[in-house]
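I opened the model to look up its strands, its overall size and its pockets. These are my notes, in the order in which I made them.

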Amino acid sequence: MDQRQQDTPRVVLGVSGGIAAYKACELLRRLTESGHETRVVPTDAALHFVGAATWSALSGAPVATEVWESVHEVPHVRIGQAADLVVVAPASADILAKAAHGLADDLLTNTLLTARCPLVFAPAMHTEMWEHPATQENVATLRRRGAVVIEPAVGRLTGTDTGKGRLPEPDAIFEVCRGVLARGAGEAAVDLAGRHVVISAGGTREPLDPVRFLGNRSSGKQGYALARTAVTRGARVTLVAANTELPAPAGVDVVPVGTAVQLREAVVKAAADADAVVMAAAVADFRPAVYAADKIKKRDGADPEPVGLVRNPDILAELSTDRSRAGQIVVGFAAETEDVLANARAKLARKRCDLLVVNEVGERKTFGAEESEAVVLGADGSETAVPYGRKEVLSDTVWDLVALRFP
Ligand code: CTP
């Protein structure tokens with residue numbers, strides 16, 4: 001085997017029958033152009049949507065759907081064995097069911113059974129099919145076994161329907177594949193498999209009147225990085241996003257919110273069956289006591305009315321105190337400007353969370369930046385320093401520490 005072949009990750013792109021098969025062409029292009037040796041294994045149904053000639057031309061490799069072609073090469077075993085990653089996009093309800101039950105009636109299902117590498121499924125189907133208990137149980141089974149099943153996006157479906165079930169954008173699926181490939185194979189790579197994690201991100205806005213609000217400078221980048229990394233580690237992810245303008249990460253359920261009260265409602269609801277909750281959002285501690293239904297106008301010669309404030313609920317403290325689920329891990333964030341570690345220790349004890357990620361805030365640091373530096377304090381007295389680097393690195397450290405604490 002020459003050097004190039006050894007270093008080139010081998011990806012199998014499984015394509016099942018669905019109109020979103022056309023989007024898999026773009027995913028294939030991204031994979032091949034970025035140096036992945038990609039073999040396409042469509043199902044018969046997929047070929048109704050995009051023909052074998054297209055897959056073959058784009059991948060530069062032969063395309064077969066049946067186990068009876070090129071039998072001397074034993075493709076039903078070899079393709080799966082040799083793969084570093086198998087990604088099925090779009091994954092229909094049918095292929096999810098077959099994979100969950102170990103059926104092997106064509107080349108793709110055989111490949112899924114023989115692969116020992118990470119598996120990524122990007123489901124796409126009508127909302128009713130996705131929500132059906134049969135599909136949901138199949139997805140839960142696959143996730144429990146360590147497959148990465150990314151949540152479908154919400155939007156326009158075939159025909160005039162809209163709802164949950166859209167294939168996420170090819171770029172976003174590609175990013176998930178890259179993340180999963182980087183973590184490699186084995187149980188440790190998908191240590192959040194079968195887990196549901198809830199992350200809050202962004203900054204709340206507390207309205208004064210229809211055009212003004214009290215807000216903060218949180219960009220949401222840290223929370224989004226936590227969501228992306230959790231997906232690649234196999235988790236089902238709910239991201240409660242307050243006033244962010246970032247593109248939705250692939251495979252994540254995004255719940256948009258505005259105020260602290262709305263954020264609390266969404267987080268508490270999602271936390272009911274969550275294994276971990278990470279409060280990365282900057283939540284306003286106070287909101288205007290009175291909301292003016294009409295825009296507040298200035299009056300000639302008169303001083304402005306003072307703005308009265310009332311306390312918002314402390315969501316982190318509430319989650320940490322009434323754990324909705326036994327063994328749930330709760331993580332908070334703290335931005336401090338002075339006596340950083342002492343203040344943070346006190347905050348950890350006050351809020352009773354399991355982990356507190358402490359950022360020192362200052363110029364260029366934390367708000368809106370792509371990179372950050374932090375210390376993660378544990379309720380058990382542990383202290384983990386994360387050097388200055390990409391927010392994904394800090395996110396992975398947080399998930400390492402969370403996974404260690406799961407019962
Ligand atoms: N938080 C929360 N609900 C609030 C305020 C903050 O859940 N009403 C969460 C944030 O999401 C974050 C952590 O608490 O995880 C940060 O708290 P911070 O605002 O720094 O703590 P405070 O108790 O407000 O401390 P300080 O007195 O320093 O403002």
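How many bridges join β16 to strand β17, and do they run parallel or antiparallel? I found six bridges between β16 and β17 (residues 355–360), and the two strands run parallel. I note that this is a predicted model, in which local features need pLDDT of at least 70 and side-chain atom pairs count only at pLDDT 80 or more, while totals for chains, interfaces and linings use all residues. Residues are numbered from 1 along each chain as its sequence is written, and side-chain values use heavy atoms, with hydrogens and water left out.

**Entry 1: the sheet with β16**

I looked up the terms before going on. Helices (H or I, at least four residues) and strands (E, at least two) are DSSP runs, numbered from the N terminus. Two strands pair if DSSP finds at least two bridges between them. Strands of a sheet pair through backbone hydrogen bonds, either parallel or antiparallel.

I then checked one bridge: glutamate 336 has glutamate 360 in β17 as its partner. β16 and β17 belong to an open sheet of eight strands, with the order β12-β11-β8-β13-β16-β17-β18-β19 and mixed pairing. At its edges I noted β12 (252–257) and β19 (383–390), each of which pairs on one side only. Neighbouring strands of this sheet are turned by 20° against each other on average, direction ignored; the axes are lines fitted to C-alpha atoms, for helices over the stretch in contact, and angles run from 0 to 180 degrees between N-to-C directions.

After β16 I followed the loop towards α13, where aspartate 339 is placed. Phi of aspartate 339 is near 40°, a positive value in a residue other than glycine.

**Entry 2: the other sheet**

I looked up an open sheet of five strands, with the order β2-β1-β3-β4-β5 and parallel pairing. The edge strands are β2 (37–42) and β5 (148–149). Two bridges join β4 (residues 119–123) to β5, and phenylalanine 121 stands opposite valine 149 in β5. In β3 (residues 85–91) I found proline 90. The peptide bond from alanine 89 to proline 90 is cis, with omega near -5°.

**Entry 3: the whole chain**

I noted 14 helices and 19 strands in the chain. The C-alpha atoms fill a box of roughly 85 × 50 × 40 Å, taken along the principal axes. The chain has a radius of gyration of 24 Å, which agrees with the value near 22 Å for a compact globule of 407 residues. That radius is taken over C-alpha atoms, and the globule rule is 2.2 Å times the number of residues to the power 0.38.

**Entry 4: the largest pocket**

A pocket is an open set of points on a 1 Å grid over the protein atoms alone, where a 1.4 Å probe fits, with protein on both sides within 12 Å along at least five of seven lines; lining residues have an atom within 4 Å of a point. Grid points are joined across faces, edges and corners, and a volume is the space filled by probe spheres set on the points.

Which residues lie nearest the centre of the largest pocket? I found Ala281, Ala282, Val283, Phe333 and Ala335, out of 39 lining residues. Among the elements that give two or more residues to this lining are β16 (329–336) and α13 (340–351). The volume of the largest pocket is about 970 Å³.
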